[in-house]
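Student: I have the sequence and the model open. Please take me through the strands and helices, one question at a time.

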Amino acid sequence: MDLNTVEEVSAPTSRAELWPLGDGDAILAGGTWLFSEPQSDIRRLVDVTALGWTPVTLGDNGIEFAATCSIAEVARLSETLLDSHPDWAAAPLLRQCCTALLASQKIWSTATIGGNICLAFPAGSMISLASALDGAVTIWRADGDVDRIPIAQFVTGSAQTVLSTGDVVRSVHLSASALRARTAFRKIAPSPLGRSAAVLIARRDAEADGGRCVLSVTAATVRPYVFEFPGVPDADAIAAAHATIPDDAWTEDAHGDPDWRRGVTLVLARQVCAELSCT
Ligand SMILES: Cc1cc2nc3c(=O)[nH]c(=O)nc-3n(C[C@H](O)[C@H](O)[C@H](O)COP(=O)(O)OP(=O)(O)OC[C@H]3O[C@@H](n4cnc5c(N)ncnc54)[C@H](O)[C@@H]3O)c2cc1C
């Protein structure tokens with residue numbers, strides 16, 4: 001849709017050119033959300049795709065995704081990592097999370113991991129991915145500082161993050177130890193291709209990485225809830241963790257009532273943990 005309040009579009013090519021950013025300015029990444037509804041407060045778009053960030057950097061410590069990396073590029077890694085990093089057993093999870101985004105092929109190719117995370121919708125599938133794999137978000141603060149914040153702290157509520165005016169998300173990091181883990185994934189939505197109502201991911205680290213189990217709850221809740229256990233939790237431990245999620249944290253929208261989400265979350269949590277208890 002035309003954004004008829006926008007008076008200027010700038011496309012900085014270096015970090016120094018990004019600022020100043022103030023009220024009325026919006027970072028433009030893929031634009032799949034920005035151009036999908038009226039944005040009456042926006043006067044200027046600042047296109048970060050001209051900064052030329054390398055989309056994916058693979059290293060010994062994991063994967064660094066530039067904020068501008070497309071969802072399609074994230075998904076493609078599920079195949080290429082099988083050859084380049086056969087010990088990263090979590091590779092299939094990348095594509096699984098991308099498919100949890102209700103989107104056409106066109107959206108997949110254009111939408112970015114940074115845009116998805118900055119929107120901070122409960123159904124943000126890149127938030128699900130990062131929550132399960134110890135994801136951390138690097139922020140270029142408007143005052144020049146650089147912060148690196150775990151995803152579960154970056155998202156503070158539905159469409160709420162720790163970002164302040166003028167802050168820019170630079171990248172998202174997934175740790176190598178999490179990538180070496182086995183994972184189990186469940187998504188439920190009111191319709192087969194519908195927006196996610198609950199996404200449950202369990203991760204079991206390799207023994208050499210400590211053997212712990214991580215259970216991530218997203219979409220069902222307004223922000224990610226991530227639980228750690230010394231090993232695969234039993235039914236009582238799962239129920240105890242589930243009971244700590246506050247009543248007002250269950251997402252309420254057209255894609256599912258809070259009570260239903262609470263119920264299916266417990267069922268799916270048991271399923272993903274049971275899947276990982278098999279050797
Ligand atoms: C058909 C359709 C289906 C969709 N389904 C889903 C869904 O299931 N789940 C979901 O979460 N979303 C969904 N969306 C919303 C959106 O398309 C995705 O969240 C997408 O990943 C956003 O990425 P983008 O790069 O297009 O962001 P943009 O539209 O460019 O930006 C989104 C927001 O993030 C800010 N932003 C972007 N990059 C940065 C950055 N680097 N630093 C700081 N701020 C930044 C922008 O200013 C803007 O406020 C859907 C959209 C459509 C049109």
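Tutor: Two strands pair if DSSP finds at least two bridges between them. Helices (H or I, at least four residues) and strands (E, at least two) are DSSP runs, numbered from the N terminus. This is a predicted model, in which local features need pLDDT of at least 70 and side-chain atom pairs count only at pLDDT 80 or more, while totals for chains, interfaces and linings use all residues. Residues are numbered from 1 along each chain as its sequence is written, and side-chain values use heavy atoms, with hydrogens and water left out.

Student: In what order do the 5 strands of the open sheet lie?

Tutor: The pairing in this sheet is antiparallel. Its edge strands are β4 (56–59) and β7 (146–150), each of which pairs on one side only. From one strand to the next the twist averages 20°. The order is β4-β5-β10-β6-β7.

Student: Which residue of β5 is the bridge partner of L58?

Tutor: A hairpin joins β4 to β5 through 2 residues. The two strands pair in the antiparallel sense over 4 bridges. In β5, the partner of L58 is I63.

Student: And which residue of β10 is the bridge partner of F65?

Tutor: β5 is mostly covered, with 4 of its 5 residues buried; buried means under 20% relative accessible area, exposed over 50%, and partly exposed in between (1.4 Å probe, protein chains only). Between β5 and strand β10 (residues 168–175) there are 5 bridges, and the two run antiparallel. The partner of F65 in β10 is V172.

Student: Which residue of β7 does A136 stand opposite?

Tutor: Strand β6 (residues 136–140) is joined to β7 by 5 bridges, and the two run antiparallel. Opposite A136 in β7 stands P150.

Student: What angle does the direction of helix α1 make with that of β5?

Tutor: Helix α1 (residues 71–84) packs on the sheet and touches β4 and β5 (62–66). Contact means heavy atoms within 4.5 Å. Axes are lines fitted to C-alpha atoms, for helices over the stretch in contact, and angles run from 0 to 180 degrees between N-to-C directions. The angle with β5 is about 150°.

Student: How does E79 count: buried, partly exposed or exposed?

Tutor: E79 lies in helix α1. The C-alpha atoms of E79 and P92, 13 residues apart along the chain, are separated by 7.7 Å. E79 has 40% relative accessibility, so it counts as partly exposed.

Student: Are α2 and α5 roughly parallel or roughly antiparallel?

Tutor: The axes of helix α2 (residues 91–99) and helix α5 (residues 125–132) come within 8 Å and cross at roughly 150°. Angles under 35 degrees count as roughly parallel, over 145 as roughly antiparallel, 65 to 115 as roughly perpendicular and the rest as oblique. α2 is therefore, with respect to α5, roughly antiparallel.

Student: How many nonpolar residues does the contact of α2 with α5 have?

Tutor: On the α2 side the contact is made by L93, L94, C97 and C98, and on the α5 side by S125, M126, S128, L129 and A132. Ala, Val, Leu, Ile, Met, Phe, Trp, Tyr, Cys and Pro count as nonpolar, Asp, Glu, Lys and Arg as charged, and the others, Gly among them, as polar. The contact has no charged residues and 2 polar ones, and its nonpolar residues number 7.

Student: Why is α5 described as largely enclosed by the rest of the structure?

Tutor: The buried residues of α5 include M126, I127, L129 and A130. The helix is followed by D134, whose phi is positive, near 55°. α5 is largely enclosed because its buried residues number 8 of the 8.

Student: Which residue of β13 is the bridge partner of I201?

Tutor: Strand β12 (residues 198–204) has 6 of its 7 residues buried. Strand β11 (residues 182–188) is joined to β12 by 7 bridges, and the two run antiparallel; R186 stands opposite L200 in β12. β12 also pairs with strand β13 (residues 213–218) in the antiparallel sense over 6 bridges. The partner of I201 in β13 is S216.

Student: How far apart are the axes of α8 and α9?

Tutor: Two packed helices are described by the angle between their axes and the distance between the axes. In α8, A235, I238, A239 and H242 meet R262, T265, L266, A269, R270 and C273 in α9, and these residues divide into 6 nonpolar, 2 polar and 2 charged. Helix α8 (residues 235–243) and helix α9 (residues 258–277) pack at an angle of about 145°, and their axes are apart by 10 Å.
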